[in-house]
Amino acid sequence: MPGMPPPAADERQTLLNFLAFQQNAFFAVSYGLSDEQARATPSVSALSIGGLIKHATGVQRGWVNRVTSAPDFPPPDPRPMEEVMAEYADQYLMRDDETLDQLLAALKAQNADTLRAFAEADLAAPVPVPHDVPWFPKDIDNWSVRWGAMHLVEELARHAGHADIIRESIDGATMYELMAGIEGWPETDWIKPWRAQATA
């Protein structure tokens, strides 16, 4: 993928292009990592790259459920709240029984579902705001599908930035050299594609 989202002729394709660009950032930032490195928390934060990939998958799933259920709420989750909250907390953690390949496969599948949902939905359709979620606004009753797409761009970009810092803390690799490595860009004076360092 190029280093920036491509231009588009209309609003919907612009939203899809920016969504896809932020989705793909997680593949670049995890390029060449072992499972142990993806699970590592080398910064002051408790976040890991694997955990951020899981969260990027989960947050997209939640918003796709909202968008595809609009103008109604998604069906209620019948599980006890303790179970729901435990699953939410697990979203930020790459467990010992999970591999990076598994997490990336789940993200890839969810990315496709997300793009499909926003390609088909009416961008102006109302998406109801759940007033029982503490960080959601109490003074409005609906977002639009368009707003949901923009929020996902914001959410994914924020967490891709977290992942950039974590990756640099692991092995010094930065985003453009990782993108150059995964995409096969030619080496220039400006960009040297990332390559795994030989171990002694």
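This passage walks through some side-chain contacts and loop features of a predicted model.

A good place to start is the surface. Four residues, Met81, Met85, Tyr88 and Trp135, come together there as a nonpolar patch. Added up, their accessible area is about 490 Å². One member of the patch, Trp135, belongs to the loop that runs between strand E1 (126–128) and strand E2 (142–144). Trp135 has a relative accessible area of 61%, so it counts as exposed, the cut-off for that label being over 50%. Tyr88, another patch member, comes out at 35% relative accessibility and is therefore partly exposed.

Next come the aromatic rings. A pair of aromatic rings is described by two things, the distance of the centres and the angle of the planes. The structure has 8 aromatic pairs. In one of them, Tyr88 from the surface patch teams up with Tyr92 in an edge-to-face arrangement, with 5.6 Å from centre to centre and 75° between the planes. Tyr92, at 25% relative accessibility, is partly exposed, and Tyr88 is partly exposed as well, at 35%. Phe136 and Trp143 make up another edge-to-face pair, with their centres 5.0 Å apart and their planes at 85°. Here both partners are tucked away: Phe136 is buried at 14% relative accessibility, and Trp143 is buried at 7%. The cut-off behind that word is under 20% relative accessible area.

The pair of Phe136 and Trp143 also belongs to a wider group. Trp63, Trp135, Phe136, Trp143 and Trp147 form one aromatic cluster. So what sort of exposure do its members have? Trp135 is exposed, at 61%, whereas Trp143 is buried, at 7%. Trp135 therefore takes part both in the nonpolar surface patch and in this cluster, and it counts as exposed on the strength of its 61%.

Some rings have a charged neighbour too. Arg66 lies over the face of Trp63, a member of the aromatic cluster, at 5.6 Å from the ring centre. Elsewhere, Arg167 places its charged end over the ring of Trp194, 5.0 Å from the centre of that ring.

Now for the loops on either side of helix H4. The loop between helix H3 (49–69) and helix H4 (81–90) contains Pro71. The peptide bond that joins Ala70 to Pro71 is cis, with an omega of about 10°. On the other side, the loop between H4 and helix H5 (100–120) is where Glu98 sits, and Met94 is found between H4 and H5 too. Met94 is buried, since its relative accessibility is just 2%. In sequence, Met94 and Glu36 are 58 residues apart, yet in space their C-alpha atoms are 9.6 Å apart.

Glu98 deserves a closer look. Is this residue buried or exposed? Glu98 counts as buried because its relative accessible area is 10%, and the cut-off for buried is under 20%. The side chain of Glu98 reaches the backbone nitrogen of Arg95 at 2.8 Å. The side chains of Arg95 and Glu98 also meet in a salt bridge, at 3.3 Å from N to O. Arg95 itself is partly exposed, with a relative accessible area of 31%, so this salt bridge links a partly exposed residue to a buried one.

How many salt bridges are there? The count comes to 13. Among them is the one between Arg79 and Glu87, whose side chains meet at 3.0 Å, N to O. Both of these residues are partly exposed, Arg79 at 25% relative accessibility and Glu87 at 45%. Another salt bridge connects Glu187 with Arg195, and the closest N and O atoms there are 3.6 Å apart. Glu187 is partly exposed, at 45%, while Arg195 is exposed, at 52%. Finally, salt bridges with shared partners tie Lys54, Asp90, Arg95, Asp97 and Glu98 into one network. Arg95 and Glu98, described above for their salt bridge, are thus both part of that network.

Technical notes
Residues are numbered from 1 along each chain as its sequence is written. This is a predicted model: local features need pLDDT of at least 70, side-chain atom pairs count only at pLDDT 80 or more; totals for chains, interfaces and linings use all residues. Side-chain values use heavy atoms; hydrogens and water are left out. Patches are made of residues with over 30% relative accessible area and no salt bridge: like charges are joined within 9 Å, nonpolar side chains (Val, Leu, Ile, Met, Phe, Trp, Tyr) within 5 Å. Accessible areas come from the Shrake-Rupley method with a 1.4 Å probe; for residues, only the protein chains shown count as cover. Helices (H or I, at least four residues) and strands (E, at least two) are DSSP runs, numbered from the N terminus. Buried means under 20% relative accessible area, exposed over 50%, partly exposed in between (1.4 Å probe, protein chains only). Rings of Phe, Tyr and Trp (its six-membered ring) pair if their centres lie within 6.5 Å; planes under 30 degrees apart count as stacked, over 60 as edge-to-face and the rest as tilted. A charge sits over a ring if NZ of Lys or CZ of Arg is within 6 Å of the ring centre and within 35 degrees of the ring normal. A polar contact is a pair of N or O atoms within 3.5 Å; within protein, one must be able to donate a hydrogen and the other to accept it, and residues adjacent in sequence count only if both atoms are side-chain atoms.
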